[in-house]
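I opened the notebook with a plain aim: to go through the model element by element and write down what I looked up. The entries follow in the order in which I took them.

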Amino acid sequence: LKINSFMKQLLSETPLSETQSIQELDDDYFLIQATVKDTGQLRWWIQSFGSSIEVIEPLDLREEFAQEARALMAIYR
């Protein structure tokens, strides 16, 4: 996941898993990597933070969120 500084603070205090790592990117963004279960709860959690999180991998999950974003844009045009 690509996250903003707010999410970095949150996930530093409450990690997603024991395997979590956070790497600084540029422009106040961070790359977080963690091994987690692929569940509906994970999707709900990611969606709840809106544009504070960008799914980078796995690619099928990224595409799922991209399709959802396109559907939302069509609704709000």
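**Entry 1: the loop with P58.** The model I am reading is a predicted one, and I began with P58, which I located in the loop between β4 and α3. I checked the peptide bond that joins E57 and P58 and found that it is cis, with an omega of about 0 degrees. I noted beside this that most peptide bonds are trans.

**Entry 2: the loop between β2 and β3.** Next I looked up backbone angles in this loop, where I found D27 and also D28. D27 is not a glycine, yet its phi is positive, at about 60 degrees, and D28, likewise not a glycine, has a positive phi of about 65 degrees. For comparison I wrote down that most residues other than glycine have a negative phi. Are these two residues buried or exposed? D27 counts as exposed because its relative accessibility is 66%, over the cut-off of 50%, whereas D28, at 48%, counts as partly exposed.

**Entry 3: the sheet.** I then traced the strands and found an open sheet of 4 strands in the order β2-β3-β1-β4, with antiparallel pairing. β2 (21–24) and β4 each have a single partner strand and stand at the edges, so one side of each is left without a neighbour in the sheet. For the pair formed by β1 (residues 2–4) and β3 (residues 29–33), I read 3 bridges in the antiparallel sense, and within β3 the residue opposite N4 is Y29. I also looked at what lies across the strands, and found helix α1 (residues 5–13) lying across β1, β2, β3 and β4, at about 100 degrees to β1.

**Entry 4: the two sides of α2.** Which residues of α2 are buried? I listed L42, R43, W45 and I46, and these residues lie on the same side of α2 because they cover an arc of only 160 degrees around the axis. On the other side of α2 I found G40, Q41 and W44 exposed. The cover over the buried residues includes α1, β4 and α3 (59–75). At the start of α2, I noted that a side-chain oxygen of T39 comes to within 3.4 Å of the backbone nitrogen of Q41, and after α2 I came to G50, whose phi is positive, near 50 degrees.

**Entry 5: the largest nonpolar core.** I counted 13 residues in the largest nonpolar core, and those with the most contacts inside it are L1, I3, W45, I46 and I53. The elements that give two or more residues to this core are α1, β3, α2 and α3, with α2 giving the most, namely 3 residues. I set a general remark next to this, that in soluble globular proteins nonpolar side chains tend to be buried together. I then followed I3 outward, and, leaving aside neighbours within four places in sequence, I found that I3 is in contact with K8, L11, D28, Y29, F30, I32, S52 and I53.

**Entry 6: S52.** The contact list of I3 led me to S52, which sits in the loop between α2 (40–48) and β4 (53–54). Its relative accessible area is 15%, and because buried means under 20%, I entered S52 as buried. Not counting residues up to four places away in sequence, S52 touches K2, I3, N4 and M7. What does the side chain of S52 make a polar contact with? I found the side chain of N4, at 3.2 Å.

**Entry 7: S17.** My last look-up was S17, in the loop between α1 and β2, and I recorded S17 as buried, with a relative accessible area of 19%. Leaving aside neighbours within four places in sequence, S17 is in contact with A34, T35 and V36. Although S17 and V36 are 19 residues apart along the chain, their C-alpha atoms are separated by 6.6 Å. I noted two polar partners for the side chain of S17: the side chain of T19, in a polar contact at 2.9 Å, and the backbone oxygen of T35, which lies 3.2 Å from a polar atom of the S17 side chain.

Notes
Residues numbered from 1 in each chain as written. Predicted model: local features only at pLDDT ≥ 70, side-chain atom pairs only at ≥ 80, totals over all residues. Heavy atoms only, no water. Buried < 20%, exposed > 50% of the residue type's maximum accessible area, 1.4 Å probe, protein only. Polar contact = N/O pair within 3.5 Å; in protein donor to acceptor, adjacent residues only side chain to side chain. Contact = heavy atoms within 4.5 Å. Pairing = 2+ DSSP bridges. Axes fitted to C-alpha atoms, helices over the stretch in contact; angles between N-to-C directions. Arc of directions from axis to C-beta. Core = buried A, V, L, I, M, F, W, Y, C linked by side-chain atoms within 4.5 Å.
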